[in-house]
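User: Please take a close look at a single part of this model. I should like its packing, its surface and its aromatic rings set out in the context of the chain.

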Amino acid sequence: MKANTPRLALLVAACSLLAACAQAPKTLYQWEGYQPQVYEHFKGQSPQQQITELEKGLERIAAKGNVPPPGYRAHLGMLYAETGRDDLALQQLQAEKAAFPESAVYIDFLLKKYQK
């Protein structure tokens with residue numbers, strides 16, 4: 001029985017390690033197509049198409065109880081401003097600033113720009 005104890009301990013350790021590796025880590029943010037939308041913005045895609053996609057992504061993120069990444073709301077806010085919906089732009093920019101206080105200097109710059 002004693003001869004099998006080290007083998008059993010090794011087997012249990014190996015199984016535990018494999019089980020730990022098999023679990024996918026939970027990501028901090030839910031991206032939901034944000035990066036491709038930023039790319040499409042630089043390629044010249046219609047702001048309204050991007051707004052539609054980002055709004056859908058925001059809904060999916062909220063439905064899963066997750067958090068959008070830094071810049072998501074700011075990008076959506078800038079798109080709203082581009083289409084003349086300043087109230088929604090300000091709302092998204094303020095939400096970005098609240099979620100990511102380290103962005104305050106840049107968001108304050110954008111808020112001043114869009115509040116004129």
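Analyst: Contact here means heavy atoms within 4.5 Å. Among contacts between residues at least 6 apart in sequence, 58% join residues at least 24 apart. The model is predicted, so local features need pLDDT of at least 70 and side-chain atom pairs pLDDT 80 or more, whereas totals for chains, interfaces and linings use all residues. Residues are numbered from 1 along each chain as its sequence is written, and side-chain values use heavy atoms, leaving out hydrogens and water.

The chain comprises six helices and zero strands (DSSP runs, numbered from the N terminus: H or I of at least four residues for helices, E of at least two for strands). Of its 116 residues, 28% are buried (under 20% relative accessible area, with exposed over 50% and partly exposed in between, for a 1.4 Å probe and protein chains only). The chain exposes about 7900 Å², of which carbon and sulfur atoms supply 61% (Shrake-Rupley method, 1.4 Å probe; for residues, only the protein chains shown count as cover).

The part chosen is helix α6, which spans residues 104–114. Its buried residues are Ala 104, Ile 107, Leu 110, Leu 111 and Tyr 114. Viewed down the helix axis, the buried residues of α6 fall within an arc of 125°, so they line one face; the arc is that of the directions from the axis to the C-beta atoms. The cover over these buried residues includes α4 (72–82) and α5 (86–99). On the face turned away from the buried side, α6 carries the exposed residues Val 105, Phe 109 and Lys 112.

Phe 109 also takes part in a ring pair with Tyr 106: the ring centres are 6.3 Å apart and the planes lie at 25°, so the pair is stacked. Rings of Phe, Tyr and Trp (its six-membered ring) pair if their centres lie within 6.5 Å; planes under 30 degrees apart are stacked, over 60 edge-to-face and the rest tilted. Both residues belong to α6 and are three residues apart, about one turn of the helix. Tyr 106 is partly exposed, at 46% relative accessibility. By the ring rule there are four aromatic pairs, and ring pairs link Trp 31, Tyr 34 and Tyr 72 into a cluster.

One residue of the covering helix α5 is Gln 92. Gln 92 is buried, with a relative accessible area of 12%. Leaving aside neighbours within four places in sequence, Gln 92 is in contact with Leu 58, Arg 73, Leu 76, Gly 77 and Tyr 80.
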